[in-house]
Structures are given as structure tokens and as C-alpha cells.
Amino acid sequence: MKRVFIMILDSFGIGGAEDAKKYGDEGANTLGHIAEACALGKAEQGRTGPLKLPNLGKLGLIEAAYESTGYYPKGMQTEGEIIGSYGYASEISSGKDTPSGHWEIAGVPVLFDWGYFTNTTNSFPQDLLDKIVSRAKLPGYLGNCHSSGTVILDELGEEHMASNKPIFYTSADSVFQIACHEETFGLDRLYEVCEIARDELNKGNYNIGRVIARPFVGKKPGEFVRTGNRHDLAVEPPAPTMIKKLVDEKHGTVVSIGKIADIYAQVGITKKVKATGLEALFDASLEEIKQAKDNTIVFTNFVDFDSSYGHRRDVSGYAAALEYFDRRLPEMLALIEPGDLLIISADHGCDPTWAGTDHTREHIPVIVYGDSVPVGSLGHRETFADIGQSVADYFDLSPMDYGKSFIKKK
Ligand SMILES: O=P(O)(O)O[C@H]1O[C@H](CO)[C@@H](O)[C@H]1O
Ligand SMILES: [Mn+2]
Ligand SMILES: [Mn+2]
């Protein structure tokens with residue numbers, strides 16, 4: 001039986017990217033800085049003490065972090081014998097965003113430049129705004145700026161509810177984000193506006209990676225919360241990913257859990273499981289692993305690390321979430337059968353101690369568990385695409401154009 005389980009801890013970088021300076025991220029290290037804050041007693045909300053990740057440690061995470069940066073995350077050490085294969089990977093895609101990271105992991109790096117809305121205020125071209133307003137029959141719009149998605153709700157949520165004008169905002173990523181109240185504006189209406197924005201961005205050749213629907217609920221500032229009905233409208237990957245190849249070449253099954261299907265623009269996905277929050281995403285992953293048959297990939301994106309903690313610069317929250325994932329990891333390891341491959345990785349960094357609220361350019365951990373890989377170091381992987389190439393190799397698919405396989409063929 002051939003089964004691969006890929007668990008992406010969204011934004012869980014381990015520092016050390018060679019090109020970090022180019023992105024203003026020299027020294028950024030998501031794991032390293034969380035561990036440091038924990039060790040210094042500065043991440044004590046809802047948890048306490050040094051960062052404890054014994055199970056990820058046994059798979060080799062802490063050694064991977066050492067190899068990535070040349071130092072151990074403060075207060076962390078590997079306990080007992082290592083049972084996994086571990087390494088760290090550099091990104092060759094030009095962006096440090098979610099689609100770039102995920103597509104590169106699937107063997108398709110993004111070597112072209114995305115379009116960005118770089119102006120922090122009046123961010124969107126007037127012509128584009130006019131077209132969206134007119135086609136969607138909107139009373140206008142709010143925002144039109146760079147912002148953190150939670151801060152902007154406190155600033156403009158009330159005015160939005162009173163006026164029915166959607167909140168348009170962006171970030172350092174290639175995104176057009178639309179926040180609307182789920183009840184007063186309506187979820188279907190929000191999705192409809194997003195479809196129109198997607199279409200206008202495509203027609204105008206803006207080269208924008210994603211339009212993101214950001215529904216929220218609540219009555220007033222301080223009480224507004226975003227819901228699990230977020231929906232990303234991504235463009236399609238520029239070449240067949242390893243998930244698409246598994247479906248096309250082997251009639252395989254690719255199960256998306258969480259945001260995965262959206263990130264790959266639904267291409268190469270045969271089943272979608274929706275789950276909101278770390279616990280539900282973990283539960284759904286276990287359930288799908290239990291049911292997985294031959295030629296199956298179960299692919300989960302744990303978005304909360306990024307959206308609830310990384311972008312929010314919430315160090316304690318990020319640490320507690322990592323510790324939660326680690327505590328539950330043995331349940332997943334117990335489901336791994338001979339021949340299976342479990343891959344735990346990330347798509348970029350989002351150092352919660354870093355300036356601003358954007359992603360950080362970092363190495364990602366490449367943690368692999370299963371008998372098709374030798375226990376020990378996989379070393380420096382020059383591209384995230386080594387993961388995609390390895391998965392293609394494992395399933396005997398046609399090779400990807402990028403990446404080197406780390407699979408040990410019997
Ligand atoms: O601040 P929020 O809305 O979470 O947005 C973040 O999430 C977006 C998509 O990952 C990023 O572009 C960043 O802007
Ligand atoms: Mn991401
Ligand atoms: Mn993000």
C-alpha cells in the first residue's frame with residue numbers, strides 16, 4: 001500500500017534563509033524566537049516555561065533547526081533516540097506567501113513575480129475598484145489599504161455594518177482581501193463579490209495570487225471575530241503538481257483538509273474535508289488517515305499557526321499551539337503503517353516576534369517518518385520541491401521538473 005500524509009504547519013519556519021535579507025527578514029526565525037521567548041519566561045499566557053516539543057523532537061525537528069541556523073532553539077534539546085528523517089529546505093519561489101510555498105512543496109516553484117499592491121494607502125487602482133463596485137452593485141467600499149485583518153475589523157467593522165460597503169484590504173502578499181459581516185452583508189453575497197473581484201483581477205492581468213473572503217461576526221469593535229467560512233480564490237498552479245499527477249497518472253485519491261483545496265485552486269483534489277481550528281483539523285486528519293486506501297495523499301493545512309498566532313504576533317498562542325500539536329502527534333504516529341510516509345513541514349515563516357504582521361522568509365522543516373526514508377539527517381534541501389519530487393518518486397509518477405528525491409527505493 002502506498003499512502004502519504006502531509007501535514008503543513010502554516011508559517012512554521014525554522015530560520016536561516018540565505019536570501020532573508022532581500023525580504024527584510026534577516027535573522028527571522030519563527031521556531032527560534034518562540035523558543036527564546038518561552039525560555040526567558042516571556043510566553044506565559046495559557047502555557048508556561050521552555051517550549052516543549054518532545055515528539056517533534058524525536059522526529060528530528062530540533063536537529064533540523066540546529067542544521068538550519070547553526071544553533072539550538074533556546075531551552076530545547078532532543079530527548080531520546082531520533083526515529084525520523086529530518087532536514088531543512090530553502091525556497092526558490094520569489095514570494096514568501098502560502099500558494100508559493102505550497103506549490104513549491106508540490107514540485108512547482110513560482111519563479112515568476114506575483115503582482116502586489118504595494119501602496120499602503122489607496123492600495124488598489126481606481127479603475128479596478130470602479131469595475132468591482134459597478135458589477136457587484138455595491139454602495140462603495142471601505143479600507144483600500146494595507147492592514148492586519150483583525151485590526152481593520154475594529155477600525156471599520158461598524159461602518160461596514162451600517163453602510164454595507166465591503167472592506168477591501170491587502171498586505172505584503174499578493175492578495176485582494178474582502179471582509180464582510182456574515183449576517184448583515186451575507187456570506188453568499190460576500191462570495192459573489194469575491195468571484196467578481198477575482199474575475200476583474202484576471203481580466204486586468206494584475207497577476208494577483210488570491211482573492212480572500214474574510215467573513216466575520218460580532219456586534220461591535222472588540223467583539224468582531226472572523227469565522228471558519230474564509231474562502232480563498234487562487235489562480236491555478238502553472239504546471240501539474242504531484243497531487244494532480246497522482247490523480248491523473250494513478251487514479252489516486254487526494255484528500256484536502258482545511259485550506260489545501262483552495263490553495264491549489266481545487267486542481268488535483270478528489271475529496272475536501274472542512275475543519276476549523278487546530279483540534280478539528282487534527283481530528284479530521286486522523287480520521288482520513290484511518291480511512292486512507294492505496295495511492296492516497298491526505299494533505300492538511302494547519303492555518304491557525306499563521307492566521308491566529310503568527311500574523312497576530314502572539315508568541316504564547318503560537319507556542320501553546322505547537323505544544324498542542326506535539327501532544328497529539330503520537331496519535332498520528334500510531335496510525336502509520338509499514339510503507340506509509342508522513343511528512344511534517346511548513347510553507348514559509350511568520351515569526352511572531354518580528355516587526356510588522358507579515359510572513360518572514362525562512363527555511364522550512366522537512367520532517368519525514370516512514371520506512372522509505374533513512375532515520376537521520378536529510379541535510380539542506382535546496383528547494384521545497386524536494387518534497388514533491390520525493391512524493392512523485394514514492395508513487396512512481398513522472399518526475400517533477402524541480403527537486404531531488406530523498407526516498408530510499410527498495
Ligand atoms: O491579517 P490577515 O487578514 O490574517 O491576513 C494575512 O493572511 C493573508 C493570507 O495568508 C496574508 O496576506 C496576510 O495579510
Ligand atoms: Mn501560509
Ligand atoms: Mn499568512
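## Annotation and overall fold

In UniProt, an unreviewed entry assigns the annotation "domain: Metalloenzyme" to residues 2–398. The model discussed here is a predicted one. Across residues 2–398 the chain is 36% helix and 19% strand, with the end C-alpha atoms lying 16 Å apart.

## Two domains

The domain assignment splits the protein into domain 1, made of 3–112 + 238–394, and domain 2, which covers 126–234. The C-alpha centres of these two domains are separated by 28 Å. Where they meet, 13 residues of domain 1 are in contact with 12 residues of domain 2, and the domain 1 side of this contact comprises three nonpolar, five polar and five charged residues.

## The annotated binding site

The unreviewed UniProt entry places the feature "binding site" at Asp10, Asp347 and His348. Although these positions are spread over 339 residues of sequence, they cluster in space, the largest C-alpha distance being 7.2 Å.

Aspartate 10 sits in the loop between β1 and α1, and it counts as buried because 26 C-beta neighbours lie inside 10 Å, where 20 or more suffice. Beyond residues up to four places away in sequence, aspartate 10 touches Thr98, Asn301, Phe302, Val303, Phe305, Asp306, Ala346 and Asp347, the last of which is itself one of the annotated positions. Histidine 348 belongs to the loop between β12 (341–345) and β13 (364–369) and is likewise buried, with 33 C-beta neighbours inside 10 Å. Its contacts, leaving aside neighbours within four places in sequence, are Ser11, Gly13, Lys96, Asp97, Gly101, His359 and Glu362.

## Glycine 13

Glycine 13, one of the contacts of histidine 348, is placed in the loop between β1 and α1 (30–39). This residue is buried, with 35 other C-beta atoms within 10 Å. Apart from neighbours within four places in sequence, the residues in contact with glycine 13 include Asn29, Thr30 and Leu31, as well as Ala346, His348, Gly349 and Asp351. By contrast, proline 50, which is 37 residues away along the chain, has its C-alpha atom 18 Å from that of glycine 13.

## Helix α10

Helix α10 (residues 278–291) has 14 residues, which at 1.5 Å a residue should span 20 Å, and the end C-alpha atoms are indeed 20 Å apart. Its buried residues are Leu278, Leu281, Phe282, Ser285, Glu288 and Ile289; because they cover an arc of only 130 degrees around the axis, they lie on the same side of α10. The elements covering these buried residues include β1 (3–9), β9 (253–257), β10 (271–273), β11 (296–302), α11 (304–310) and α12 (315–333), whereas the face turned away from the buried side carries the exposed residues Lys290 and Gln291.

How values were computed. Residues numbered from 1 in each chain as written. Chains lettered and ligands numbered in written order. Predicted model: local features only at pLDDT ≥ 70, side-chain atom pairs only at ≥ 80, totals over all residues. Domains from an automatic or database assignment. Contact = placed C-beta atoms within 7 Å. Nonpolar A, V, L, I, M, F, W, Y, C, P; charged D, E, K, R; others polar. Helix = DSSP H or I, 4+ residues; strand = E, 2+ residues; numbered from the N terminus. Expected span 1.5 Å × (residues − 1). Buried ≥ 20, exposed ≤ 12 C-beta atoms within 10 Å, placed from the backbone. Arc of directions from axis to C-beta. UniProt positions renumbered as here; feature names shortened; annotations may be inferred.
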